[in-house]
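Here are a few exercises to work through with the model open beside you. Try each task first, then follow the solution step by step.

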Amino acid sequence: MKKALIYTAALFATTLGGCNVLDVDPTDKLSETTTYSSIENLDLYVKSFYGILYTSTTCEIRSANLSDGFSDLVKYSWYNTTGGTFNKFFYTPNYLTPENCGFMTPWSDLYRRIRQTNEYFADLSAGYADGLDPEELKIRTAETRFMRAFAYQDLALRHGGVILRVSETSVDGPEEKDKARSSKEDTWDFIINEYRKAAADLPEEWDSSNTGRVTKGSAWGMMARAALYAGHWDEALEACNEVEKLAAKGIYQLMDEYSDVFTVVNNKELLVTVNFDSPDLQHDFDTNFAPTGDRIGFCGGVATPTDEFASSFDIQINGEWKAFDWDEVITENIDPWTNRDPRFYATILYNGADWKGRKIELFVDGVDGFVPYTGTADDVRKSTTGYSFRKFVKEDPDEDFSFTKSDQFWIEMRYAEIFLIKSEAYARKNDFTNAYIELNKLRQTRSSVQLPALPQQTNWDSYLTDLQKERICELGLEGHRYWDLRRWGIAEQTLNGSRVHGIKITKNSDDSYTYERVDADTQDRIYTSKYDVAPIPQDEIRNNTLCKQDPAWE
Amino acid sequence: MHQHNLSVTGGNKSVKYFISGGFMDQRGFYHDYKFQRGNFRSNIDAQATKDIKVTLNLSGRMQNSYRPGAHSYNNQDYGNVVGDLLYAAPFIPKEYNGLPTSAYRAGVNPDYARKHSGFQESKNFYLETSAKIEYSAPFLKGLKASFLVSWDHMNGDGTTFSYAYKVNHYNHGTKQYTEQYSLGLSEDGNMYVGHQRSQQVLLRPQIEYANKFGKHDVGALFLYEQTQYNYNSLSGSRQNFPIFDLPYLDFGNEWTEGASSSATRNATAGYVGRVNYGYDSKYLAEFSFRYDGSYNFAPGHRWGFFPSLSLGWVVSNEQFFKDALPKIDVFKIRASAGKLGRDNVDEFLYRKYYMWQEKNSAFGMDPTAANTLYNGNSYPNPDLTWEKTNTFNVGFDLTAWNGLLGAEFDVFYKYTYDILQGISASYPPSLGGHVPTTDNSGRFDAKEFELVLRHTNRINDFSYNISGNVSFTRNRILSKTESSNVLPWQSVIGTSMGAILGYEAIGLIQTEEQLANAPTPISGSRELRLGDILYRDLNGDGKITTDDATWISNSNIPEMMFALNFDANYKGFDLSLQFQGAALNDKMLCGTWNNGASDNTPLTKPFYGNYDNAPVYLVEGSWTPDNTDAEYPRLSVIGNPNNSIVSTFWKRNGAYLRLKNITLGYTIPKHIINKAGLQNLRVYVAGSNLFTITDFKYLDPESPNVVQGYYPQQKTMSFGVDISF
């Protein structure tokens, strides 16, 4: 009996000692000290903050929703599915509301990214990174600071003053949930200062395996843009000059061949770039926007450039450069597609253009277009405006992008924008001489783009006409137009009650073409000045008692 | 489908055994979808010595499933066969210009895909073993100690080899056919091979005692159980196959992503004890407890103690009762109270950890996608612990008149607290998620009753029994974290679990006056017209916004369920019928999809997505100026959010009664089969889901709310033979 009792007890003992059987470690998660154990590991963590440059609102190449769709440059042709929001926005009164504003402001996503960067600062303050080389650490901190400023800039761009959660010792949690919005001034001041701090510590260039990470030039460039939006003209000029200093050192330059800017990876004009890598990191730009004939039934047609966009590019008639006018071209029987502003050929595909070994057919019944815009259809796979995008579309005839997808890089900011910012800042200070010097530099520096100097104007409104055209021709499709219209205060007058247009091209039996400028909208667009500031999402107002909605949206 | 089973059982005083094997082969409504399973079992009990008994149970099964490469059966999956077939335009010919046609927006033809899109195959083998050694103490009668070890093993392979097929896709807008490859598949072929393995080891030492001293009946049990589980998988995929004939990875030209692997581990541990006492078969009491640990929680909060107590009084064994009511054979009153726990939460929420994110950015002169680390748990919460439920129950059992009447009745009250619930929704998005995602704060209760009635009788050679049962349960959320200024009609407190939020519909707009007085429709809607749905403006602000949503329906689970069984035997014939039904069953024709979006379904929005087929009732029953007494809103060429939101307009009563099963069998008389050496031979024919009585005419009342692609239940007829030797 004793033996039996002993055996039994032994059996129990072997298994009862297994209370530590519940100490299970995860197999797919890394411990809390992994990140700060070395600079290489820290880089893995800091690189995740770059995700903000890859979101579908920032990195417009990545989603089908180009912010130019909110302006007069791009026409979306579907209604219920991809890109239909733009048409609903312009055709339905009161479409943008605090409950339905996700398409206009990625509020939750941006604050989530801000929280992630704040965790980094809190960890630093708690001493996690004390064992790392302080010089290397400073650079990573500066990168994180840039990303946080960029997120706040995106919010300020849409809303003006926002809730600043910027503590660097602890992350705002449930205790701090009720927090008021800061003023527009304070918000922009914060953003500009963050870029300034980041610029001080960021390197001028990275080694070849890290190209694409933000540099001193990136931070100064973004600060210039932020200062311009904030209305701080001197700070904008200061930042632009810092970028010019780096350009003088040879780090940045305007590309001679204009099309190289969009096709040569990591070229010298880029200040902030977003790279992709097929097949691991891709997007659908070609499936959405390549001309229809590239893969019939599968691509294109989601949106196309409007005639307003295409006709912003000047034409040289009999040696004289003038603004493009369809009436003149039709009556005088001039070929609309030769002798245009050289940037036109790299930006837009027109009827008859050479493309992937064929000629683009944007006429009625042509393989790439033209179909009239009806307002109700989806799956419209042909151009409703008589044009198709060329900028950012890949010109590789062998690529099957419907399966392998696209990997063109997105340009968040490039050196050309610095000239435009500088010019505008000078003009705002009434220094039109320098304003025009900068504009003309952009028109005459590249060897492939040689345009005559613009005659100097002496008042803001006339200058604005020239500035608008330069911005459309240089930065069209890069996500600037809508925000430009807003900050110049001319969004309502440009968009409300207007319609965009397309060019209906008919091929005649003798292979000549007849051109007719037609509406590409089925009704007048609706845009009120209320839309110039996006509403704070209802979710925030509901859960944050101190956050107040803009009076226009109450 | 066919299914066969053979079993052998026998033994003697020292060794007893049970061995069986079976095989099943089942096809889907497309014959190319198949499932095959073989299984075996071998249980052996051996009395090794006078005091020690040894048991060894082995069972295993091998199951193979095979499907065409194109499609899935999962509800709401992209490319689901049922969804594709149901919502495709019905007027398209099967073939056009030599190619199969596609009448559905996804550009697919499931019928053609069956043999022309590759395959998906999975083969899994499961082995379950357990061995037990039991020692009956000779020095104390009724005392036993045993030790059980169980080892379970799984080994599985999955292969998918898919490629696109060409279709002529019909575009409703242009009314033209376009030749294209089926969507979602690659014309160059794609192959995935995966291998999984898992094992679980369970240990359970146990000691128990049972004995009777005079009128005292005593028993006790104490055991400890722990399990450890681990799982590994390895997979690889390639694309770009020039030749489809041999489905092996080597024939693919490019690695899609190379190889990947993963592992999972978890463990459980717990103690169980029980003491029971009975006096004179009249008074019964039992006390038991569990003490469980979960690895999901931080040390210090891992263990939970869950006791329970039950008492019974067999009144029918009392002399006074036997004298007073002799016709009542059994009458027992019982009551119990207990506590149980649940650890239903994601693991490791108490720790800070980093996770690996694949390739979300690219760097380098020749850009290369980088893997990155991100903080996986923004707000570690070390205080998480077990959810607990207190259950109280009172009931009685009754049998009278020799089985002519039998009844069981129970009433339950369950109170669950410390529920692990998600709480981040009540924080503003500007906090970016730095909030505890889960805490133990929910509370809810449930009131239930169950009633079973039985009647058994025999008239000469005809014997039968009827039994019916009904159960009812109603639950209520007592506490749940929500935002502090939630609207009173949107508060979740007091609603039942899974209740559905939506708008209150008043009806269709019939008059110009109603049109003029109607509140502004929901954002994005077109202007209201006659025949649109009119909603109630709950907060009186003149417009319909998300603030006007309220609780409009219980969840898909009915509150009351009932069943009726009837068995009869006459000479060699046996008949059995089973009815089953539900009441207090709210069904919504639209609702929340698996991805969380609340939206219409093809059942409530005609030509959903501008491509799909539309149910006849939505089109023919729609409001028109000639048909104002219509059940459904007016049709419109453009999508109109006003008629497409989740509301009471689409709520229906799903009460039903269904003949679940009917079996008729005949046992061939013994004197005939004994000559063939058989002991028993019975043939039977059975049917299931034969008919349903319900007002809910749209589809199966047992289906979930959003039925996009729900594989319907089937009416089946089967026949079989039981033979024993």
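**Exercise 1.** Find out in which sense strand 5 and strand 6 of chain B pair, and over how many bridges.

*Solution.* Step one: locate strand 6 of chain B at residues 99-102 and strand 5 of chain B at 95-96. Strands here are DSSP runs (E, at least two residues; numbered from the N terminus). Step two: check the pairing, which requires DSSP to find at least two bridges between the strands. Strands 5 and 6 of chain B have two bridges and run antiparallel. Step three: pick out a bridge, such as the one where Glu95(B) has Pro100(B) in strand 6 as its partner.

A word on the ground rules: this is a predicted model, where local features need pLDDT of at least 70 and side-chain atom pairs count only at pLDDT 80 or more, while totals for chains, interfaces and linings use all residues. Residues are numbered from 1 along each chain as its sequence is written, chains are lettered from A and ligands numbered from 1 in the order in which they are written, and side-chain values use heavy atoms, with hydrogens and water left out.

**Exercise 2.** Place these strands in their sheet and explain why one side of strand 5 and of strand 10 of chain B is left without a neighbour.

*Solution.* Start with the order: the sheet in chain B is open, has four strands and reads 5-6-9-10, with mixed pairing. Now look at the edges: strands 5 and 10 of chain B stand there with a single partner strand each, so one side of each has no neighbour in the sheet.

**Exercise 3.** Describe the interface between chain B and chain A, beginning with its contacts.

*Solution.* Count contacts (heavy atoms within 4.5 Å): 87 residues of chain B touch 84 residues of chain A. Next comes buried area, meaning the accessible area (1.4 Å probe) that two parts lose on being put together, summed over both. For chains B and A that is about 7300 Å², with carbon and sulfur atoms giving 60%. Tyr354(B), Phe363(B) and Leu373(B) supply 10% of what chain B buries against chain A, more than any other three residues.

Then look for salt bridges (a side-chain nitrogen of Lys or Arg within 4 Å of a carboxyl oxygen of Asp or Glu). There are four between the two chains. Asp123(A) and Lys352(B) form a salt bridge through their side chains, at 3.1 Å from N to O. Several strands of chain B supply at least two residues each to the side touching chain A, among them strand 13 (254-279) and strand 17 (353-363).

Finally, follow strand 17 of chain B across the interface. Strand 1 of chain A (residues 29-31) runs antiparallel to strand 17, joined by three bridges. Ser31(A) sits opposite Tyr353(B) there.

**Exercise 4.** Work out how far apart the C-alpha centres of domain 1 and domain 2 of chain B lie, then examine their interface.

*Solution.* First, the bounds, from an automatic or database domain assignment: domain 1 covers 1-279 and domain 2 covers 502-554 + 594-648. Their C-alpha centres are 43 Å apart. Second, ten residues of domain 1 of chain B contact seven of domain 2. Third, about 760 Å² is buried between these domains, with carbon and sulfur atoms giving 49%. Last, zero salt bridges are found across this domain interface.
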